[in-house]
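Good morning, colleagues. Please take a moment to look at the sequence and the structure on the screen before I begin.

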Amino acid sequence: MPPAASLATTIAGSPLASCLYNASGPVCSTADELDALGGSDAGAILSKSATLEKRAGNPEPRYVETSWGSINSMGLPNEGYRYYLDYARRAQAFGKPYFMSVSGLSHDDNIDIIKALAREEAISAIELNLSCPNVPGKPQTGYDFDQSRVLLERIFEHVDQPLGVKLPPYFDLPHFDMMAAVLNDFPIAFVTCVNSIGNGLVVDTDTESVVIKPKSGFGGIGGDFIKPTALANVRKFYTLLREDIAIIGCGGVKTGTDAFEHILCGASAVQIGTQLMREGVGCFARIGRELSTLMQEKGYPDIDSFKGKLKSLD
Ligand code: HRO
């Protein structure tokens, strides 16, 4: 057997000992939850998407696990950005990057938050969420290419830390081109592909009812079911974006093989959401071991030796 494979990667100029870390969403809302991520094998700590003010979110039940994944309509429950800004200093104890997710309810809110984060060196990077599907009355900015450009123009006038964006999944090839054309015009450090597939519907045939309360049962779909869509988005943006923009894969990762597939499609790091919710922070060590064993078996010493090297059949 060749020597153990390295899972190390670099995102937005920050070294990560492992390319696996949490998706913004499950168990990253409170200081205790963030501490648990800090103490785990996750390569970074990413906070729950923050709004200007604290939010209770949508009524419960608002997260349900299914045999193939999950449906959620959390509605951005979070402690408000000041809480996650304050946490940045505490995160330093874990010796790994702390990324803050920002999801203002308006362009102005996003600008106010970004300005307030400036000069906080304990925030390694910002993940701007352009794709929350669950706030009634608020469209997903990432599906509006003009609005995405308008927002990014304003953001880059003020942002201090490296900034990436979390995108919704795209399904039509011209949409990938249109979003890539926007993103390539800005000094973006990374894109995270993908957020949940918005506005799915899960039906319980016993009760003949929807399974979550908000929005008449409509919610974001995550887990196994979305992996092919996530891989397609990782692959497309890997081929369309500037080389200096890292791709972070997110969607359907519950084994080392799933993470391997994301990296093969072009991901420099891989986030875990539904499986983290199901298994807890131990998932990072387990999936890391599985990924490392697979890499070792295939003779890949590190991520870069197979990143993006997906073969086609033509
Ligand atoms: O809080 C949520 O309802 C939520 C957010 Cl912000 C998001 O980005 N993606 C998602 O599936 N749920």
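**The sheets, the core and the ligand site**

Let me begin with one pair of residues: Val165 has Val191, in β10, as its bridge partner. I should say at once that this is a predicted model. The two strands concerned, β9 (residues 163-167) and β10, run parallel and are joined by four bridges.

Strand β10 itself comprises residues 190-193, and both of its faces are covered. Phe190 and Thr192 are buried on one side, and Val191 and Cys193 are buried on the other. As a general point, side chains in a regular strand alternate between the two faces of the sheet.

These strands belong to an open sheet of eight, in the order β3-β16-β15-β10-β9-β8-β7-β4, with parallel pairing. At the edges stand β3 and β4 (45-46); each has a single partner strand, so one side of each is left without a neighbour in the sheet. Elsewhere in this sheet, β7 (residues 98-102) and β8 (residues 125-129) run parallel and share four bridges. Ser101 has Glu127, in β8, as its bridge partner. Helix α3 (residues 107-117) lies across β7, β8 and β9, and runs at about 160° to β7.

I turn now to the nonpolar core. The largest one has 94 residues, and Val165, Leu167, Leu183, Val191 and Phe237 are those with the most contacts inside it. What does Leu183 contact, leaving aside its neighbours within four places in sequence? The answer is Leu152, Val165, Leu167, Ile188, Val191, Phe237, Leu241, Arg242 and Ile245.

Next, a polar residue. Is Asn233, in helix α6 (residues 227-240), buried or exposed? Asn233 counts as buried because its relative accessibility is 0%. Not counting residues up to four places away in sequence, Asn233 touches Pro168, Pro169, Tyr170, Phe176, Cys193 and Val194.

Helix α7 (residues 256-265) is mostly covered, with eight of its 10 residues buried. Among the buried residues of α7 are Asp258, Phe260, His262 and Leu264. The cover over the buried residues includes β3 (20-22), α6, β15 (246-250), β16 (267-272) and α9 (283-298). At the N-terminal end of α7, Thr255 acts as the cap, with a side-chain oxygen 3.3 Å from the backbone nitrogen of Thr257. Just after this helix, Gly266 takes a positive phi of about 130°.

There is also an open sheet of four strands, in the order β5-β6-β14-β11, with antiparallel pairing. Here β5 (63-66) and β11 (197-201) stand at the edges, each with a single partner strand, so one side of each is left without a neighbour in the sheet. On average, and with direction ignored, neighbouring strands of this sheet are turned by 40° against each other. Four bridges pair β5 with β6 (residues 69-72) in the antiparallel sense. Tyr63 has Asn72, in β6, as its bridge partner.

Asn72 brings us to the ligand, since this residue is one of those surrounding it. Others around the ligand include Lys48, Gly75, Leu76, Pro77, Asn129 and Cys132. Which distances separate polar atoms of Asn72, Met74 and Asn134 from ligand oxygen atoms? For Asn72, an N or O atom in the side chain is 2.8 Å from an oxygen atom of the ligand. For Met74, a backbone N or O atom lies 3.2 Å from a ligand oxygen. For Asn134, an N or O atom in the side chain is 2.9 Å from an oxygen atom of the ligand.

Technical notes:
Residues numbered from 1 in each chain as written. Predicted model: local features only at pLDDT ≥ 70, side-chain atom pairs only at ≥ 80, totals over all residues. Heavy atoms only, no water. Core = buried A, V, L, I, M, F, W, Y, C linked by side-chain atoms within 4.5 Å. Buried < 20%, exposed > 50% of the residue type's maximum accessible area, 1.4 Å probe, protein only. Contact = heavy atoms within 4.5 Å. Polar contact = N/O pair within 3.5 Å; in protein donor to acceptor, adjacent residues only side chain to side chain. Pairing = 2+ DSSP bridges. Axes fitted to C-alpha atoms, helices over the stretch in contact; angles between N-to-C directions. Near = heavy atom within 4 Å.
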